[in-house]
Amino acid sequence: MDILLLESPRWQDYELLDSGNGLKLERFGGYRFVRPEAQAIWSRALSETIWREADAVFSPTNEESGGHWEVRKKLRDRWEMRYPLPGVAPLKCWATTTPGRHLGVFPECAATWDWMAEKIITAERPVKVLNLFGYTGLASLSAASAGATVTHVDASKKSVGWASENQQLSGLGAKPIRWIVDDALKFVQREARRGAQYDGICLDPPKFGRGPKGEVWEVYQSLPTLLEACREVLSPSPLFMVLTMYAVKASGVHLYATLEELMRKYKGSVQAGELVTRETSAQRLLSQAVFGRWSAA
Ligand SMILES: C[S@@+](CC[C@H](N)C(=O)[O-])C[C@H]1O[C@@H](n2cnc3c(N)ncnc32)[C@H](O)[C@@H]1O
C-alpha cells in the first residue's frame, strides 16, 4: 500500500508562510493570520517582526474549539479568494474569520477538488455527485464546474447559504447544484429508500456535529452506518468515493482498509494518505487531515 502525501500547490491566494512554537502563519488573500498548530514543535524560520505584522491572531480557549480573534489591523467583513481549478474557470469563495478559528475554506482540500474534477471530466458521461458535510461548498463547486450534477448536504443553514453565495461568486449560478440543509445520515437513508443513485460521493465528516434537528454525529459511532448507507445509493458503475477526516485518531491506513472493504464488489483501486501543506519559509510539511479514496479502475 502506498501512502500518499497530497499537496495543493496550485494556490495563489493561500500560503502557509511559516510555522513554529505551536503556531502557524498563513496568508488568505491579502491578509495574514496566526492560528494554533500543535504539530509545529519546531522553531519559526521567519523573523519575529514578520510574525508581529499579522493582521489577526486566533487565541484558543482549548485545543478542540473555542477562542477568539484578536484583530490587529482593520479587515474587510469578507474578502474573495480564488482557486485555479485545472481545465475550467477558477473557483471563487468568500473568506472571513469565524469563531471556530476557520476562515471559510480548507485550502488543503484543493487536492481533492482537483482529483474529483479530473475523474468527472475524464468519465465523459453524465455524473451525479453527493457531497456530504459540504461546508462552504468548494468540493461541490469543483464537481459542478467539471460537469457533474451535484447534491450538497450540510446541517448548517448558514454554511449552505455561504456555499450558494460562493456558487454565484464563481459564476456557476446556472450549474445544477441542489443545496440541502439536513442531517447527512438521515438524508442518505432517505435517498436510499427513494432509490436515488450517485456516481461519486465525497464525505468530510467532523469528529462531532449535530444535524438541524439536534441529531448527534459522533464519527466513530456514526461513520460505519453512514458508509453502509452511502453504498446503497451508489450507481451500478460508480466513479469515486472520497473520505477526509480532520482531528480524529485515524490514519490513512484505516481509511484504506475501510474503503477497500466498502467497495469490494466494484472494480477499482484505493489510495490513502494525508492532506499536507508545505510552508514557504523552510519547506516543512504540516499534516492537516487523513484521506482515503476509491476510484473505478
Ligand atoms: C469539516 S467541515 C467540512 C469541510 C469542507 N468539506 C471543506 O472542504 O472545506 C464539517 C461540516 O459538517 C457539518 N455537519 C456537522 N454535523 C453534521 C450532520 N449531522 N449532518 C450534516 N452536516 C453536518 C458542519 O455544519 C460543517 O459544515
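**Salt bridges, cores and one helix face**

With a relative accessible area of 28%, R231 is partly exposed in this predicted model. Its side chain meets that of E228 in a salt bridge, with 2.9 Å from N to O. E228 is partly exposed as well, at a relative accessible area of 38%. Both residues sit in helix α6, and because they are three residues apart there, about one helical turn separates them.

That pair belongs to a bigger set, as the structure holds 16 salt bridges. Another of them joins E165 to R78, where the closest N and O atoms are 2.8 Å apart. Here the partners come from separate elements: E165 lies in helix α4 (residues 157-169), while R78 is in the loop between β6 (67-71) and β7 (79-83), so the bridge ties together parts that are 87 residues apart in sequence. Neither end is hidden away: E165 counts as partly exposed because its relative accessibility is 37%, and R78, with a relative accessible area of 36%, is partly exposed too.

The bridge between D182 and R190 has a mixed setting. Their side chains meet at 3.0 Å, N to O. D182 is buried, with a relative accessible area of just 12%, which puts this residue under the 20% cut-off. R190, by contrast, is partly exposed at 28%. Salt bridges also come as a network, in which D18, E279 and R284 are linked.

R190 falls within the span of helix α5, which covers residues 184-194. In this helix, the buried residues are A184, L185, F187, V188 and E191. Looking down the axis of α5, these buried residues fall within an arc of 165 degrees, so they line one face of the helix. R193 and R194 are on the other side of α5, and both are exposed. As for what lies over the buried residues, the cover includes three strands, β9 (128-132), β10 (149-154) and β11 (177-181), along with helix α6 (219-232). Helix α6 is also the one that carries the R231 and E228 pair. Just after α5 comes G195, with a positive phi near 80 degrees.

Turning to the interior, the largest nonpolar core has 50 residues, and F33, M81 and W113 are the ones with the most contacts inside this core. The element that gives the most to it is helix α2 (residues 110-123), which supplies seven residues. Apart from this core lies another, made of 37 residues, with L227, A250, L262 and V270 among them. F33 shows what the surroundings of a well-connected core residue look like. Leaving aside residues up to four places away in sequence, F33 touches K24, L25, E26, F28, A56, W69, L75, W79, T97 and L103. That list includes charged residues, K24 and E26, next to aromatic ones such as F28, W69 and W79.

Nonpolar side chains turn up on the outside as well. M1, I3 and V253 make a nonpolar surface patch of about 280 Å². Of these, I3 is found in strand β1 (residues 3-6). I3 counts as partly exposed because its relative accessibility is 41%.

Methods
Residues numbered from 1 in each chain as written. Predicted model: local features only at pLDDT ≥ 70, side-chain atom pairs only at ≥ 80, totals over all residues. Heavy atoms only, no water. Patch = residues over 30% accessible without salt bridge, like charges linked within 9 Å, V, L, I, M, F, W, Y side chains within 5 Å. Areas by Shrake-Rupley, 256 points an atom, 1.4 Å probe, with all protein chains shown as cover. Salt bridge = Lys/Arg side-chain N within 4 Å of Asp/Glu carboxyl O. Helix = DSSP H or I, 4+ residues; strand = E, 2+ residues; numbered from the N terminus. Buried < 20%, exposed > 50% of the residue type's maximum accessible area, 1.4 Å probe, protein only. Core = buried A, V, L, I, M, F, W, Y, C linked by side-chain atoms within 4.5 Å. Contact = heavy atoms within 4.5 Å. Arc of directions from axis to C-beta.
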